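Hi,

Here is the structure I promised to send over. Have a look at it first, and my notes follow underneath.

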Amino acid sequence: MDLPATMQAIAIAEPGGPEVLRLEQRPVPRAGPGQVLVEVAYAGVNRPDVLQRLGRYPPPPGASDIPGLEIAGTVVAPGGGAEVLLGQKVCALVTGGGYAEYCLAAADHCLPVPGSLPLTEAAALPETLFTVWHNVFDRGWAHEGETLLVHGGTSGIGTMAIKLGKLFGLTVIVTCGSDAKCEAARALGADHAINYRTEDFVERVKGVTAGKGAELCLDMVAGDYTQRNLDCLGEGGRLVTIAVLGGSRATINMAGLMIRRQTVTGSTLRGRSDSFKALLADEIARAVWPFVEAGQLRPALDRVFPFEQAAAAHQRMEAGEHVGKIVLAIRGEQG
């Protein structure tokens, strides 16, 4: 097909609030070897997009300055070695550029969208699915029969952690900021939901595990939550941190960690190498994608905003009102 020379994209005019997101004309990128150009139908909105807008999370070298880390759409121009994907509907994890009519993706970071999966939902899968799978199952060594504690139970990450955890036989405990969100988390499959504003989550975790503690904690808060998370874990417990919303520094009781043989680890995904992400995509395609194809794994969708209302989408995310994923309709219909 003949591609236009320019496209519409949401750019960050300068670091600041949601109002700095501006609709601009940009050149349509060209796919290089091993890449595909995707005509974007929908793009997921994620916390790292907000941090990038604020100037706190710059794109890695070589990545687009346009925000957006996950997309769904149709491959319209494959680069060398990716011709087999031409015309296919895919969703993809990208390093940036998702808030645009066209976006480049590495061919081996794409997953095929089954006919039963709406593109709105496909766009809401890659970022949270890659993040949760890698940190809960690869870094956190979760296995059937264990208990997983997740903070932010109704966030995109939290809702995916609930769904994946239940698919793989985990007991899932989440924390949320209101009784209504606790109810929503339980409706999504969480075994226990704790309102952290009215309850001591450490004591509740000890109570629901009969004093044993959880085996694994997926944390997005850090700061003074770090020791409290370790207190929630039993012997051999693993703490995996993926964000530092509560601060990047923590003081912990190392003697307690040693006595209970606990592990503290963490990761970020955006800056990892293309080869690492390709291996992760392959692992997800084999271990998780059959559940997507069978209709057993779907993202929790909060709201779909029109492309030009990206600022409103960011406002909703920052207000913390959402339950599940927020999505931008780039060429698809608004939900």
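Let me start with a helix pair: the axes of H3 (residues 126-138) and H9 (residues 274-287) come within 11 Å and cross at roughly 85 degrees. Axes here are lines fitted to C-alpha atoms over the stretch in contact, with angles from 0 to 180 degrees between N-to-C directions; helices are DSSP runs of H or I with at least four residues, strands E runs of at least two, numbered from the N terminus. H3 and H9 are therefore roughly perpendicular to each other (65 to 115 degrees).

This is a predicted model, so to speak of local features I need pLDDT of at least 70, and side-chain atom pairs count only at 80 or more, while totals for chains, interfaces and linings use all residues. Residues are numbered from 1 along each chain as its sequence is written, and side-chain values use heavy atoms, without hydrogens and water.

Where H3 meets H9, the residues include Leu 129, Phe 130 and Trp 133 from H3, and Leu 280 and Ile 284 from H9.

Ile 284 also turns up in the largest nonpolar core, which has 52 residues; Val 136, Leu 164, Val 174, Leu 218 and Ile 284 touch the most other members. A core is a set of buried (under 20% relative accessible area, 1.4 Å probe, protein chains only) Ala, Val, Leu, Ile, Met, Phe, Trp, Tyr and Cys residues joined through side-chain atoms within 4.5 Å. H3 gives the most to this core, with six residues.

Finally, Gly 211 sits in the loop between helix H6 (201-208) and strand S11 (214-219). At 56% relative accessibility, Gly 211 counts as exposed (over 50%).

Cheers

Terms used: Parallel < 35°, antiparallel > 145°, perpendicular 65-115°, else oblique. Contact = heavy atoms within 4.5 Å.
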